[in-house]
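Visitor: I'd like a close look at one thing here, please: the salt bridges. Take your time, and wander a little further afield once you're done with them.

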Amino acid sequence: MLVSGMQNSNSAVLYTAACSSGATQYTCMLLSYLLEPKAGKENVVMKLKKLESSVSTGRKWFRLGNVVHALQATQQSIHAPALVPRVCLTLANVNRVIYFVCDTVLWVRSVGLAAHINKEKWRTWAARHYCCALLLSLARDLYEISLEMERAARDRAQREQPPSRGPPGCSVADEETEWLQAFLLLLFRALKGHPPLLLDTVKNLCDILNPLDQLGIYRSNPGIIGLGGLVSSLAGMVLVAYPRLKLRTQ
């Protein structure tokens, strides 16, 4: 138990350091994108890009903490009580581990230990597995959101009287508008009442922008990617500082 606690503590420290460096990297990316069109900011933009590159290289040293964190998450997700979260999270964490392996191969190539490695091929593999991991995590989020919306709908039905039917002349467009409003209201109530679910969903949505851009599925400019990475890194630090906000399988 003591050894396990020390491992969890060490991985949490490494994960926090990775999130902090990620916040710095994406802040530099965002600022350089915003300042680049402005005249007289060339030196500042150059310094920001150099800092971004240096921090990006330095983040590679935290890959051990990321791998340990992903392996621990895989072991935990296997024992999830519900089938959908168990399958989604286990497959997501396996893909995340493979992504970190690909990232390690790219790092080995970047430092000159294996110059023969095909950089583009391994980068594409890394982006694919990272994208799959995030899509599976988002599928789990959607499952949890559907459960929360069902719960919110039941609570609303218990508190309120059965809704009266609209007048006979009510158009299909009006009915669709009412349905959309009711759906959005339930979604708002579900996320408002479950901050960990909201935080996890926002983090995954921000994270997926980068691999989608690398794979050419959905192109984003560096400003959007930088903003998404910054939000995701800050969300990661919040999760470490406040473990109760971590989304847990119900």
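Guide: One bit of vocabulary before we dive in: a residue is buried when its relative accessible area is under 20%, exposed when it is over 50%, and partly exposed in between. Keep in mind, too, that this is a predicted model.

The salt-bridge count comes to 5, and I'll take you through three, including the pair formed by Lys49 and Glu36. The closest N and O atoms of those two are 3.1 Å apart. Glu36 has a relative accessible area of 46%, so it falls in the partly exposed class. Lys49, at 39%, is partly exposed as well. Now look at where they sit: Lys49 is in helix H2 (residues 42-59), while Glu36 is in the loop between helix H1 (2-35) and H2, so this bridge ties together parts that are 13 residues apart in sequence.

Next, hop over to helix H5, where Arg140 and Glu144 both lie. They form a salt bridge too, with 3.5 Å between the closest N and O atoms. The two residues are 4 apart in sequence, about one turn of the helix. Here both partners, Arg140 and Glu144, are buried.

Stay on H5 for Arg151 and Glu148, whose side chains meet in a salt bridge at 2.7 Å, N to O. These two are 3 residues apart, so about one helical turn separates them. This pair is a mixed case: Arg151 is partly exposed, with a relative accessible area of 32%, whereas Glu148 is buried at 10%.

Now for the nonpolar side of things. The largest nonpolar core has 13 residues, and Tyr99, Ala126 and Ile208 have the most contacts inside it. H5 (119-159) turns up again here: this helix and H4 each supply at least two residues of that core. Ile208 touches Cys131, Leu134, Leu135 and Leu138, leaving aside residues up to four places away in sequence. There's also a second, separate core of 8 residues, with Met149, Ala152, Leu186 and Leu191 among them.

Last stop, the surface. Leu83, Val84, Val87 and Leu91 form a nonpolar patch there, with about 320 Å² of accessible area together. Leu83 belongs to helix H4 (residues 83-110). Its relative accessibility is 56%, which is why Leu83 counts as exposed. For background, nonpolar side chains tend to be buried together in soluble globular proteins.

Methods. Residues numbered from 1 in each chain as written. Predicted model: local features only at pLDDT ≥ 70, side-chain atom pairs only at ≥ 80, totals over all residues. Heavy atoms only, no water. Patch = residues over 30% accessible without salt bridge, like charges linked within 9 Å, V, L, I, M, F, W, Y side chains within 5 Å. Areas by Shrake-Rupley, 256 points an atom, 1.4 Å probe, with all protein chains shown as cover. Salt bridge = Lys/Arg side-chain N within 4 Å of Asp/Glu carboxyl O. Buried < 20%, exposed > 50% of the residue type's maximum accessible area, 1.4 Å probe, protein only. Core = buried A, V, L, I, M, F, W, Y, C linked by side-chain atoms within 4.5 Å. Contact = heavy atoms within 4.5 Å.
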